[in-house]
Amino acid sequence: MKKLLLFIAVLCPLLLVGCGGDDGDSSGNTAGGPSTWAGTITNPGYPTYSMILQIDEKNGSAISGTISYGLYNMKTRFSGSISGSHVQFTEYEVIQGPAGVPCYYTATLNGNTMSGTLRYMGEDAGTFQLSRQ
């Protein structure tokens with residue numbers, strides 16, 4: 001009986017240390033990396049088109065990766081941060097297509113959904129909504 005109590009009191013909690021896993025925060029937000037987010041972006045004067053945000057690295061609150069767009073086959077690199085439900089990132093390099101950089105994104109996480117706005121050249125430049133894949 002003493003051995004059983006020793007096992008329950010000492011060894012069971014040690015076994016549970018490695019259980020679970022979380023790449024988000026305690027609020028249920030899950031923008032950790034690596035992860036893929038897909039959805040749409042709307043810019044004034046353009047049709048709504050696809051956007052895929054690929055978070056390749058997450059180190060603490062810092063994130064980085066690539067963004068691909070369905071319009072003009074554009075692809076860019078970004079870096080930014082996540083703090084609770086707040087996400088911000090900046091496109092800083094064009095990989096492919098006629099994208100303009102820098103472009104600044106601000107978003108709110110709600111579980112597996114990310115939605116927000118973007119600014120380019122100091123002007124409001126549209127909205128986006130993504131879902132974690």
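Among contacts in the protein chain between residues at least 6 apart in sequence, 32% join residues at least 24 apart. The model is a predicted one, and its protein chain holds one helix and eight strands. Read from the start of the sequence, the order is α-β-β-β-β-β-β-β-β. Of the 133 residues in the chain, 28% are buried.

Confidence comes next. The mean pLDDT of the protein chain is 82, and 75% of the residues score at least 70. Helix α1 (residues 2-16) sits at the bottom of the scale with a mean of 33, while strand β6 (residues 103-110) sits at the top with 98. Throughout residues 1-29 the pLDDT is below 50, and this stretch has 19 contacts in the model beyond near neighbours in sequence. Where pLDDT is low, the predicted coordinates are not something to read in detail.

Now for the interior. The largest nonpolar core has 25 residues, and the members that touch the most others are M51, L53, F89, Y105, M114 and F128. Each of the eight strands listed here supplies at least two residues of this core: β1 (35-42), β2 (49-59), β3 (62-69), β4, β5 (86-96), β6, β7 (113-120) and β8 (123-132). F128 gives a good look at how these pieces meet. Apart from neighbours within four places in sequence, F128 is in contact with M51, F89, Y105 and M114, each of them also on the list of core residues that touch the most other members. Further contacts of F128 include T40 and I41, T106 and A107, and the run S115, G116, T117 and L118.

Two threonines turn up in each other's contact lists. T76 belongs to strand β4 (residues 75-83), and T66 to strand β3. T76 has a relative accessible area of 0%, so it is buried. T66 is at 12%, under the 20% cut-off, and therefore counts as buried too. With residues up to four places away in sequence set aside, T76 touches G65, T66, I67 and Y69, then E91, E93, V94 and I95, and finally A99 and V101. One of these partners, E91, also makes a polar contact with T76, side chain to side chain, at 2.5 Å. On the same basis, T66 touches I52, L53, Q54 and D56, along with K75, T76, R77, F78 and I95. I95 is thus a contact of T76 and of T66.

E91 shows up again around C103, a residue of strand β6. C103 is buried, because its relative accessibility is 5% and the cut-off is 20%. Outside its neighbours within four places in sequence, C103 is in contact with F89, T90 and E91, and with L118, R119 and Y120. C103 and Y92 are 11 residues apart in sequence, with their C-alpha atoms 7.3 Å apart in space.

A few backbone details stand out. Most residues other than glycine have a negative phi, and most peptide bonds are trans. The bond that joins V101 and P102 is cis, with omega at about 0 degrees; P102 is placed in the loop between β5 and β6. N73, not a glycine, has a positive phi of about 55 degrees, and is found in the loop between β3 and β4. M121 also has a positive phi of about 55 degrees without being a glycine, this time in the loop between β7 and β8. M121 counts as exposed, since its relative accessibility is 66% and the threshold is over 50%.

Another loop residue, N112, lies between β6 and β7. At a relative accessible area of 44%, N112 is partly exposed. N112 and S131 are 19 residues apart in sequence, yet 5.7 Å apart in space from C-alpha to C-alpha.

Last, the open space. Rolling a probe the size of a water molecule over the atoms shows where empty space is left. The largest pocket holds about 380 Å³ of space. It is lined by 19 residues, of which N43, Y46, Y49, M74 and G100 are the closest to its centre. Strands β6, β7 and β8 are the elements that give two or more residues to this lining. These three strands also each supply at least two residues of the largest nonpolar core.

Technical notes
Residues are numbered from 1 along each chain as its sequence is written. This is a predicted model: local features need pLDDT of at least 70, side-chain atom pairs count only at pLDDT 80 or more; totals for chains, interfaces and linings use all residues. Side-chain values use heavy atoms; hydrogens and water are left out. pLDDT is the predictor's confidence in each residue, from 0 to 100. Helices (H or I, at least four residues) and strands (E, at least two) are DSSP runs, numbered from the N terminus. Contact means heavy atoms within 4.5 Å. Buried means under 20% relative accessible area, exposed over 50%, partly exposed in between (1.4 Å probe, protein chains only). A polar contact is a pair of N or O atoms within 3.5 Å; within protein, one must be able to donate a hydrogen and the other to accept it, and residues adjacent in sequence count only if both atoms are side-chain atoms. A nonpolar core is a set of buried Ala, Val, Leu, Ile, Met, Phe, Trp, Tyr and Cys residues joined through side-chain atoms within 4.5 Å. On a 1 Å grid over the protein atoms alone, a cavity is a set of points where a 1.4 Å probe fits but cannot get out, and a pocket is an open set with protein on both sides within 12 Å along at least five of seven lines; lining residues have an atom within 4 Å of a point. Grid points are joined across faces, edges and corners, and a volume is the space filled by probe spheres set on the points.
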